[in-house]
Amino acid sequence: MTGLVVGGLAAFGLIVAASLSGQAAHAAGKVESSNPITGDKDAIAAGQTTFRARCAPCHGMRANGRGRGLPNSSDLTKFKRGYTKFVYIVKNGGKTMPAYGGLGKLNDDEINQVGAYLETLASRRAKWIDPPAKKSEAQPDVQPVVATAPPEYQAHLDHIQKALGETPGGVGLLAILEQEARIAQQHAAFAVTDLEDYENIRLHTAHVRHAINPAEEHSGAGPGKGYGVARAAKAVIAHMELAAATGDATDKVKAHAAHVISAANNIVFWCYKIVAKANQITGGSSPITQAYYAEEIVERIQWILEGTDADGDGAISWTEGEGGLAQIRQHLGFIGG
Ligand code: HEC
């Protein structure tokens, strides 16, 4: 009997511990979401400010539709319709809900920020991750106020190809990816000018690392733009996934989106390898291996930009281990045409 009680208490303790750690994850904005900037601290803070000014008057300060808000404003902590639908609703409005799309209202970044903030308030059963795309997307039950002329996925492609507020200079993701990769390429070339000058190798390898991933803990200051190849490639993946999940993404769009994602995954992987080698170089690996790794880094940056013929069939495709930035551009071109 006592044994049972003790066992029961222990189990109870486990459950409490598990649910507490679940709450901690929510507080940090860890609810899974297809929002490209989910969990980003600055975005969450900016989103809170926007939410309180623009949305709380109706949805309430806690976003739960209670308080002094407008009656019948939805409880946003229970939002279940996936991130793409969230953006759609915010842009297009509903019967009562105003439309925030369009000039001088909320731009895509601001909407993503509000999303990132709301994700931190999400209840356990909320769903912010996009459902798998359906062929005939059911009409949203809030009536759109503004008709959207271009296909829904175009906005995501534009972030990749044309402009995105969060990049330095607001350029598109491919542009910042290439800028950072070129900086990395230049410094990787400096590093191997004299393979016996180890100080030179270490200095320029640190610069390469900064352009590849400034968020890496050893990165410090550097010549990169502060965004990084790795982050750009991950954001390309996120935006391509969003594009492919929109209701109007055709099979052609989905197929090329998969190819773009595959090539962007290669870039993320190569970035990871470059940073690992760079850490070994600056961390004081033996002089011979430093020179060897520095040359490997030169090669991998080349792959990031041009792709590589990994299977030796005479062509570079988008496949795993082969495609890079050039192949991403090619497949985005197929979607446009
Ligand atoms: C004028 C009041 C008002 C304001 C301001 C407002 N909303 Fe709403 N919102 C509503 C109402 C009412 C609904 C329920 C649908 C309807 O009747 O339009 C709603 C519905 C929604 C939904 C759909 C919820 C679901 O589960 O389907 C989302 C998402 C949403 N609002 C987000 C926002 C965001 C984000 C903002 C701020 C940028 C905002 N709203 C500002 C009144 C408002």
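# Worked exercises on helices, cores and a ligand shell

In helix α10, the buried residues are Gln290, Tyr293, Ala294, Ile297, Arg300, Ile301, Trp303 and Ile304. A residue is called buried if 20 or more other C-beta atoms lie within 10 Å of its own, exposed if 12 or fewer do, and partly exposed in between, with C-beta atoms placed from the backbone. Helices (H or I, at least four residues) and strands (E, at least two) are DSSP runs, numbered from the N terminus. The structure is a predicted model, in which local features need pLDDT of at least 70 and side-chain atom pairs count only at pLDDT 80 or more, whereas totals for chains, interfaces and linings use all residues. Residues are numbered from 1 along each chain as its sequence is written.

## Exercise 1. Two helices and their lengths

Determine how the end-to-end distances of α10 and α8 agree with their expected spans.

Step 1. The expected span of a helix is 1.5 Å times one less than its number of residues.

Step 2. The 20 residues of α10 should therefore span 28 Å, and the separation of its end C-alpha atoms, 29 Å, agrees with this.

Step 3. For α8, with 17 residues, the expected value is 24 Å, and the end C-alpha atoms are likewise 24 Å apart, so the two agree.

Step 4. Burial completes the description of α8, of whose 17 residues 15 are buried, while α10 is followed by Gly307, which has a positive phi near 80°.

## Exercise 2. The cores

Identify the residues with the most partners in the largest nonpolar core, and the helices that build this core.

Step 1. A nonpolar core is a set of buried Ala, Val, Leu, Ile, Met, Phe, Trp, Tyr and Cys residues joined through C-beta atoms within 7 Å.

Step 2. The largest such core holds 56 residues, among which Val229, Ala233 and Val236 touch the most other members. At least two residues of this core come from each of α5 (154–161), α6 (173–191), α7 (198–212), α8 (229–245), α9 (251–282), α10 (287–306) and α11 (325–336).

Step 3. Contact means that the C-beta atoms of two residues, placed from the backbone, lie within 7 Å. Not counting residues up to four places away in sequence, Val229 touches Leu177, Glu180, Ala181, Ala184, Ala211, Ile212, Ile267, Cys271 and Ile304.

Step 4. There is also a second, separate core of 25 residues, which includes Leu76, Phe86, Tyr100 and Ala126.

## Exercise 3. The shell around the ligand

Describe the residues around the ligand by distance, by element and by class.

Step 1. A residue is taken as near the ligand if its C-beta atom, placed from the backbone, lies within 6 Å of it. Of the 24 residues around the ligand, those that come nearest are Cys55, Cys58, Ser74, Gly94 and Met97.

Step 2. The elements giving two or more residues to this shell are α2 (41–59) and α3 (83–92), and α2 gives the most, with 5 residues.

Step 3. If Ala, Val, Leu, Ile, Met, Phe, Trp, Tyr, Cys and Pro count as nonpolar, Asp, Glu, Lys and Arg as charged, and the others, Gly among them, as polar, the shell has 15 nonpolar, 6 polar and 3 charged residues.

Step 4. Cys58 lies in α2 and counts as partly exposed because it has 17 C-beta neighbours inside 10 Å. Its C-alpha atom is 4.4 Å from that of Leu70, 12 residues apart along the chain, and, leaving aside neighbours within four places in sequence, Cys58 is in contact with Gly69, Leu70 and Ser73.

## Exercise 4. Confidence along the chain

Where along the chain is confidence lowest, and where is it highest?

Step 1. The predictor's confidence in each residue is expressed as pLDDT, from 0 to 100. The chain has a mean pLDDT of 84, and 84% of its residues reach 70 or more.

Step 2. Among the 11 helices of the chain, which has 0 strands, confidence is lowest in α1 (residues 2–27), at a mean of 42, and highest in α6, at 96.

Step 3. Over residues 1–27 pLDDT stays under 50, and for this stretch the model has 5 contacts beyond four places in sequence. Where pLDDT is low, the predicted coordinates should not be read in detail.
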